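Open the model in a viewer and keep the selection panel at hand. The stops below go from the ligand outward.

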Amino acid sequence: MGRRQHQRPPPPPSYSSAGNGVIFLPTNGMPAATAHHRLRLNPSADHNPDSYDDLQLEFSPLLYSSLERYLPPAMLSMSRDAKLQYMRGILLRYAPDGERNRLQMLREYKQKIISNYQPLNRELYTMHATNFFVPSFLKAINDNTVESFKSIMTESSPGIYTFEMLQPHFCEMLLSEVDNFERWVHKKKVRIMRPNTMNNYGAVLDDFGLENMLDKLMNDFIRPISRVFFPDVGGSTLDSHHGFVVEYGTHRDVELGFHVDDSEVTLNVCLGKEFSGGELFFRGVRCDNHVNSETKSDEILDYSHVPGHAVLHRGRNRHGARATTSGWRANLLLWCKSSAFRELKKYQRDFSSWCAECKREKKEKLRLSVAVTKEELLKREVNSAS
Ligand SMILES: O=C(O)CCC(=O)C(=O)O
Ligand SMILES: [Fe+2]
């Protein structure tokens with residue numbers, strides 16, 4: 001085992017949602033991207049922009065708040081909706097054609113599903129915390145302290161937290177809803193979008209109406225925890241999600257290859273049912289530059305899923321799932337993203353606060369420079385003595 005653990009893993013592909021991770025406006029507001037939409041060259045520094053956090057938008061709410069300062073002065077006192085439509089016009093005008101078409105198609109796809117699909121369990125579609133979560137999880141979140149979070153969590157390996165989270169009844173309801181959705185898709189011959197580029201089975205929960213509930217899950221439950229445990233990867237500014245269910249077993253996907261998620265923080269909860277195999281394996285957190293670097297022994301974790309139990313980890317912690325060798329396994333995944341973190345990342349080159357390899361390189365540079373300085377001082381001492 002020891003030798004295999006130190007082998008370099010095959011390069012993890014960046015695992016992305018098939019364009020499904022974006023959040024859309026409801027059908028009404030698709031403004032024509034007209035050429036007269038203009039922005040100011042310099043922002044109005046004393047303007048206090050509106051918050052767009054409560055809206056479902058295809059661009060980040062933060063982007064709208066920042067852009068607001070660049071609106072023509074006469075617009076600053078207009079209604080939030082008027083400003084929003086104006087800014088959308090501009091943003092869409094600048095989105096490349098391909099991207100614009102893709103956004104539009106996804107929006108229509110989702111809208112078509114939501115207006116035709118009849119949910120089986122309506123109580124799933126709004127957050128009922130006491131019905132969804134086990135009491136220990138709920139109490140830890142309500143207490144909202146580092147100690148309360150730590151009291152329910154096991155840090156199975158640095159930065160990988162496991163805890164009991166979902167009630168069996170919730171897991172059953174969600175599974176039956178996904179099953180109902182898949183049957184409907186099959187019956188109506190609707191083309192279903194799979195959760196991402198690596199799974200052939202499973203469904204995107206955001207596509208058939210669960211987006212608001214999952215947004216609440218991220219904002220009220222996962223972000224408070226991430227703020228404490230993952231501040232280095234934007235844990236306190238998570239502002240969008242991609243929520244889906246993956247399924248493994250006979251006639252389903254068998255395993256999931258080595259990868260990193262398109263997320264800052266990933267919540268992975270086992271929904272059931274009975275299965276063997278399917279362990280998650282982790283190999284340490286890396287930035288894009290170091291995604292193929294070798295694994296250190298303390299970064300290795302093999303974790304066996306338990307129904308109702310969650311694993312919370314940085315999306316950049318390289319991982320995969322072993323073959324589910326018998327039975328049937330389904331997991332709920334919530335990829336949580338931070339647009340602020342992604343924006344800042346564009347201007348950075350040193351990720352030593354979260355990438356283990358950047359950290360090692362930085363330490364090594366420091367060690368070398370200390371050694372050189374010591375040698376220099378020693379030389380001076382010898383010279384002055386002679
Ligand atoms: O099957 C699992 O538990 C892992 C799923 C996963 O890593 C993912 O969907 O990103
Ligand atoms: Fe993953």
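Which strands each supply at least two residues of the shell around ligand 1? They are β6 (256-261), β12 (317-321) and β13 (324-337); strands (E, at least two residues) are DSSP runs numbered from the N terminus, as are helices (H or I, at least four).

This is a predicted model: local features need pLDDT of at least 70, side-chain atom pairs count only at pLDDT 80 or more, and totals for chains, interfaces and linings use all residues. Residues are numbered from 1 along each chain as its sequence is written, with chains lettered from A and ligands numbered from 1 in the order in which they are written.

Stay on ligand 1. It is surrounded by 10 residues (C-beta atom, placed from the backbone, within 6 Å), the closest being Leu-256, Asp-261, Ala-321, Asn-331 and Leu-333.

Next, select 239-338, the residues that UniProt lists, in an unreviewed entry, for "domain: Fe2OG dioxygenase"; such annotations may be inferred rather than shown by experiment. The span is 62% strand and 0% helix, and its end C-alpha atoms lie 5 Å apart.

Now select Leu-205, Ile-222, Val-245, Val-269, Leu-334 and Cys-336. Within the largest nonpolar core, of 61 residues, these touch the most other members. A nonpolar core is a set of buried Ala, Val, Leu, Ile, Met, Phe, Trp, Tyr and Cys residues joined through C-beta atoms within 7 Å, buried meaning 20 or more other C-beta atoms within 10 Å of a residue's own. Helix α9 (residues 211-229) contributes the most to this core, seven residues.

Last, select Leu-57, Tyr-64, Leu-67 and Met-87, which are among the nine residues of a second, separate core.

Terms used
A residue is buried if 20 or more other C-beta atoms lie within 10 Å of its own, exposed if 12 or fewer, and partly exposed in between; C-beta atoms are placed from the backbone.
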